[in-house]
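Thanks for coming. I will take one chain today and go from particular residues to the whole.

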Amino acid sequence: MKRLNNLYYSKRIKELLAELQTAGTTLVVAPMGYGKTLAVQYFLQEQERCGKKVLRQSIYGAGAEAFWQGVCHSWQNTELGAALLQQSLPADANAKTLVLELFRQLLPQEPVYWFIDDLHLLESSEVIDFLFALSKAGFADLHLLLVSRGQIFDGSRLLELGRKVFCLDKHDLALQRDELAEYSSRCGLQLTAQQLDALHEACEGWFSVTYLNFLNYDRYQRFCLDTGSVYEMIANVLLRPLPSEQQRLLLLMGQPEEFTPEQVAYAYGTSCRESVGRLLECNAFIIRLANGRLRCHHMLKQATRHAFGLLPEAEQQMYFRRLGQWYAQQKEYEEALDWLYRGRDFDGLLAAVQQLRDWSMHPQHRQHLFDWLCECPPEILWQYPQAVLIIMRRMFSLNMVPEMLQVKEWYVTALERNTALSQRERDNYYGELEVILSFLAFNSITGMSEHHRRAYKLLSGAPQTLSKQGIWTFGAPSVLGLYLRTGCSLRQTVEDMQECMPPYYLLSGWHGAGAAELTEAEALLLQGRIDEMDMPLQKAYYQAEKHGQECITICCDFLEMQRDLFRGVYSSKAEAYSRHQWQLQPWKQSMLLNSADMCAGFYYALLGKPEYIPSWLTDGNGQQPSVLYPARPCRNYISAQCLLAQGQYTELLVRWSDWEQECRPYSNFLCLLYLQVQRAAAFAGRGDVTSCRASLKQALAMAEADKLVLPLAQNIALLRPYLEQEAQGECSAAAAAALHLGQQMEAGRGQIMSARFAEAGLQELTEQELQIAQLAAARHTNREIAQRLSLSEGTIKQYLNKIFAKLQIDAVAKNKRHQLERFFSNS
């Protein structure tokens, strides 16, 4: 009796697969058709029989987003899965750290086998980076099984993983001569030694081609040893011999990535359960998945899709339409969209879109988003204003603003022509439109508020477009960095924020709570009114914490860190931020970790401790952690301050033009001011007096009207002599105020350095340096110290420069010895 569809695993393969139980990560890499997936599935079924937890994930496209959706789906119904849903694929160091911490804390306390198949279909280095980080972490109860046609990790990464990784390749999976003989015997084929030799030589152990040859031999008593293409072989052996109905059914099975027998029968259009059953029984290229669905092997899928493409276009569209309708009936609306579009069923397409209020959107939908509406007949489009609204919302998030404005006109037409809508429904739709249009007015507070107020009057409930969980600051640690648009507008900006935020709070359920008070506190800090900012800052803290707005709390901390520098108080929050030991739970947005890095980086740059600055803020390799686009100008001026602290003046000047351009689209005036000051400081650091004075004059002119002296004061160490000259010029008031505030900051910084870092700094001094430092702190001159130690004055000067560097004393010469004296008195 022939048993051609029986799976065969030799004793050798079983012994190799047993190694997977002890491996943290297993890489199975071989060309198609070598039985990679079947071998791993066999192993996993054995583990399931022993009560082990098994997760399976298949890759069906190149997109990183689709991969991450698969990750979340794999871990659904677990605490870890719920946490991962709050994240996106980690694309930077902070995000990886956060996600790995989630795995560490929330992995089930039992062995878990996580199988990810067909990784070769991905075109995302971020995915491979994440899988490598997960493999390197080496969680004891997590077994990662990765299958691909091509290399997954390069040689250096394999070397780094060492014994944490176990590898199987095509040589391990290929049928050996004796295994081929046993396989053929189990299938019920009586082959001669000569036939086995010829088959093994032609197939080289290639499992799928061996199986196809068995089928062909059983039917025609001959092998296909000289075929030019495995796909042609599949067509000849598996497709063309079938009756017409079964051919069509097999073609339909190859269209979706996964399918059910009922789905194929629905798409075919008639009762054909028996035919479907017979196909499943006699085709080992159709794989039954753990979720109860079926999947065609890639080789069969490619052959059937090629044959399907030769059908008349009208027939193809009919089948596509039915597949889409099937998904819609199962409430799998995202899956339905592309099929309905390919089937030209725009009525069904827009009806499906209306079910997707929280649409995460597959990558292929981005390509077709505008096409759907352009190609949809107007009479259908007008019946679905809600669908048009949802598509508009997605267009804004994709920065498709011109297309979005065109769709707005269609949307308004759809509302006006849809006579079935009640006045309340019509008002709600117009209210949602106002919410979306408000984003186009960013960063005009009053412009956005006009839309918000109109939306509040029109809507009968909370808008679907806004989420209280979104990051109101886009990841920036400064509100005025986002919303101060021009010079001479600081007071007006504060008043606008105080007037416009309360209506927005009502509309959004307190999204961004505390922003109005925070803006006032930041304005006072920028003007150097340190003691006046405490009350609005505490109010901002209260509102943000009351309404769960972590992004505003981070902005409050950013102001507090800067304020405390003037008071000589070391910021424990900066230390916690730099170590990511802060109050946010690990399943919050990873973007806020990047915000925390920016806060800590800026603080330590001002403090003069560049070794504590997160490296991504200055590395400039293009792989910087993500903040949303509106927050990039804030990130840039913080990076510039970090470069100044590291003495990388040339690097700052090289990047300056790009950073300055990124401030232009939204008129980020405060960020421009910071960059202009930092440019002057970089020129000063390089000794370029002319360029420094020119840049400083521009910065003073920008700062003078609103008395924005903080950026100048924070760079007093490099700009002091130039500010002293400018104190006699056109912008004398701003220069004088900056000098006074800068002296306060240096005094406060000196107190922190001597109180916090004195002991560590003193331990770095040699015995000779310590003796010289003590004499200098006792107010002895260089000549007196030189005479006492029998050294030259030049040598003493060199020693003192080293001492000041080790003790982090970088003030101007007349203050250095005073700081040194404080250093010894405190230590």
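**Alanine 39 and its surroundings**

I start with a single side chain: setting aside residues up to four places away in sequence, alanine 39 touches Tyr9, Leu17 and Leu173. Please keep in mind that this is a predicted model. Alanine 39 sits in helix H2, which covers residues 36–49. Is alanine 39 buried or exposed? Its relative accessibility is 4%, so alanine 39 counts as buried, the cut-off being under 20%. Leucine 7 is 32 residues away from alanine 39 in sequence, and the C-alpha to C-alpha distance between the two is 9.5 Å.

Now the sheet. Which order do the strands take? Five strands make up an open sheet, and the order is S2-S3-S4-S1-S5, with parallel pairing. The edges are strand S2, residues 53–58, and strand S5, residues 165–169; each has a single partner strand, so one side of each has no neighbour in the sheet. From one strand to the next, the twist averages 15°.

Take strand S1, residues 25–29, in that sheet. S1 pairs with S5 in the parallel sense, over five bridges. Towards strand S4, residues 142–148, there are five bridges as well, and these two strands also run parallel. Threonine 26 can be followed on both sides: phenylalanine 166 stands opposite threonine 26 in S5, and leucine 145 stands opposite threonine 26 in S4. Further along, valine 28 has leucine 168 as its bridge partner in S5. How much of S1 is covered? Four of the five residues of S1 are buried, so the strand is mostly covered by the cut-off of under 20%.

Next, a pair of helices. Helix H3, residues 64–74, and helix H6, residues 125–137, have axes that come within 9 Å and cross at roughly 35°. On the H3 side the contact is made by Ala64, Phe67 and Trp68, and on the H6 side by Glu126, Val127, Phe130 and Leu131. Sorted by type, the residues of this contact are six nonpolar, no polar and one charged.

On to the cores. In soluble globular proteins, nonpolar side chains tend to be buried together. Which residues of the largest nonpolar core touch the most other members? That core has 120 residues, and the ones in question are Trp472, Tyr483, Leu518, Tyr603, Tyr637, Leu719 and Leu723. Helix H35, residues 669–686, gives the most to this core, namely 13 residues. There is also a second, separate core of 92 residues, and it includes Leu175, Phe207, Leu252 and Leu437.

Tyrosine 637 deserves a closer look. Beyond its neighbours within four places in sequence, tyrosine 637 is in contact with Ser478, Phe558, Phe602, Cys671, Tyr674, Leu675 and Gln678.

Isoleucine 552 is the next residue, and it lies in helix H30, residues 550–566. Its relative accessible area is 0%, so isoleucine 552 is buried. What does isoleucine 552 contact, leaving aside its neighbours within four places in sequence? The partners are Trp472, Thr473, Gly512, Ala513, Gly514, Ala515, Leu518 and Ala544. Two of these names, Trp472 and Leu518, came up a moment ago in the largest nonpolar core. For a distance across the chain, isoleucine 552 and lysine 806 are 254 residues apart in sequence and 36 Å apart in space, C-alpha to C-alpha.

One last residue is histidine 452, in helix H25, residues 445–458. Histidine 452 has a relative accessible area of 8%, so this side chain belongs to a buried residue. Not counting neighbours within four places in sequence, histidine 452 is in contact with Ser438, Tyr504 and Leu507.

I end with the chain as a whole. How many helices and strands are there? The chain has 43 helices and seven strands. Its C-alpha trace spans about 105 × 80 × 45 Å along the principal axes. Of the 827 residues in the chain, 55% are buried. The chain exposes about 35900 Å², and carbon and sulfur atoms supply 47% of that area. Among contacts with a separation of 6 or more, 70% are between residues 24 or more positions apart.

Conventions. Residues numbered from 1 in each chain as written. Heavy atoms only, no water. Buried < 20%, exposed > 50% of the residue type's maximum accessible area, 1.4 Å probe, protein only. Contact = heavy atoms within 4.5 Å. Axes fitted to C-alpha atoms, helices over the stretch in contact; angles between N-to-C directions. Nonpolar A, V, L, I, M, F, W, Y, C, P; charged D, E, K, R; others polar. Pairing = 2+ DSSP bridges. Core = buried A, V, L, I, M, F, W, Y, C linked by side-chain atoms within 4.5 Å. Areas by Shrake-Rupley, 256 points an atom, 1.4 Å probe, with all protein chains shown as cover.
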